[in-house]
Amino acid sequence: MRFDIVTLFPAIFDGYLTQGLLDKAIRNELVQIKRHDLRDWARDNPHRQVDDRPFGGGPGMLLQVEPTVNCVEAIEAMDDRPARRILLTPQGKRLDQPTAEDLADSPRVLLLCGRYEGFDQRVVDILEPEELSIGDFVLNGGEVAAMVVIDAVVRLLPGVLGDENSSREDSFSRGNRLLEFPQYTRPRTFRGHEVPEVLLSGDHGRIAAWRADQVRLRTEQRRGDLLR
Ligand code: 6GU
């Protein structure tokens, strides 16, 4: 699978893409992640400016339509596989696990990261991207949201997690709309807090029943909406 990220700040992704599971997935060629600096598509101007003030007035700056459309078209031509176009914006549909599972089935995903007050509306009218948000709050730009999308999708790709940490039973996935049960490791006692006796019993039937109870209890207490 291939991701293309369009951003004014490609370096934001440096640390994130070179650590842990992401780094490993990239080195194992399970995923390709290409970053593209929108300024490389600026019309000829000394500061490679790609933003301008909104017609009609108002605060902030908008990312311009011409460099953005040119950039997306050039990136798409770099690879034959069809790309899902995603624009990260608080205006978008809320990202959820089924959407991440859907994206994981796509050979190619293009992520457009807005900054400032966002893009000229004609970017949306011309490119017709899917618009995604990661929640009802406002970030300074789409980059962190793009990392969230990549993180949620990459862990679903075959070979990224070992069998021992399969993602198929993750909370919120199509196969599981419940929260996880609590887990414990050594030591058995810490500052008077004990590991539940049942987990030390060796009785796999009782352990499974306890865990199933915990899943139901937690989901009822914290996320009753998931049960309805
Ligand atoms: Cl996708 N972008 C920005 N700028 N803010 C957000 C968001 C995205 N999702 C939630 N807040």
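Here's a quick look at the largest pocket in this structure and the ligand that sits there. Keep in mind that the model is predicted. The ligand takes up the space of the largest pocket, and the protein buries 95% of the 290 Å² that the ligand exposes when taken alone.

**The pocket**
- The volume of the largest pocket comes out at about 500 Å³.
- Its lining is made up of 25 residues, with L88, T89, P90, Q91 and G118 lying nearest the centre.
- Three elements give two or more residues each to that lining: β5 (84–94), α5 (121–127) and β7 (130–133).
- Of the elements, β5 chips in the most, with five residues.
- Sorted by class, the lining has twelve nonpolar, ten polar and three charged residues.

**Around the ligand**
- The residues surrounding the ligand are L88, T89, P90, L132, S133, I134, G135, F137, L139, G141 and A145.
- In this shell, β5 and β7 are the elements that give two or more residues.
- Again β5 has the largest share, here with three residues.
- No charged residues turn up in the shell, which splits into seven nonpolar and four polar ones.

**Backbone contacts to ligand nitrogen**
- For F137, a backbone N or O atom lies 2.5 Å from a nitrogen atom of the ligand.
- I134 also brings in its backbone, with an N or O atom 3.0 Å from a ligand nitrogen.
- L139 joins in through a polar backbone atom, 3.0 Å from a nitrogen atom of the ligand.

Methods. Residues numbered from 1 in each chain as written. Predicted model: local features only at pLDDT ≥ 70, side-chain atom pairs only at ≥ 80, totals over all residues. Heavy atoms only, no water. 1 Å grid on protein atoms, 1.4 Å probe; cavity = no way out; pocket = protein on both sides within 12 Å on 5 of 7 lines; lining within 4 Å. Points joined across faces, edges and corners; volume = space filled by probe spheres on them. Helix = DSSP H or I, 4+ residues; strand = E, 2+ residues; numbered from the N terminus. Nonpolar A, V, L, I, M, F, W, Y, C, P; charged D, E, K, R; others polar. Near = heavy atom within 4 Å. Polar contact = N/O pair within 3.5 Å; in protein donor to acceptor, adjacent residues only side chain to side chain. Areas by Shrake-Rupley, 256 points an atom, 1.4 Å probe, with all protein chains shown as cover. Sits in = over half its atoms within 2 Å of the grid points.
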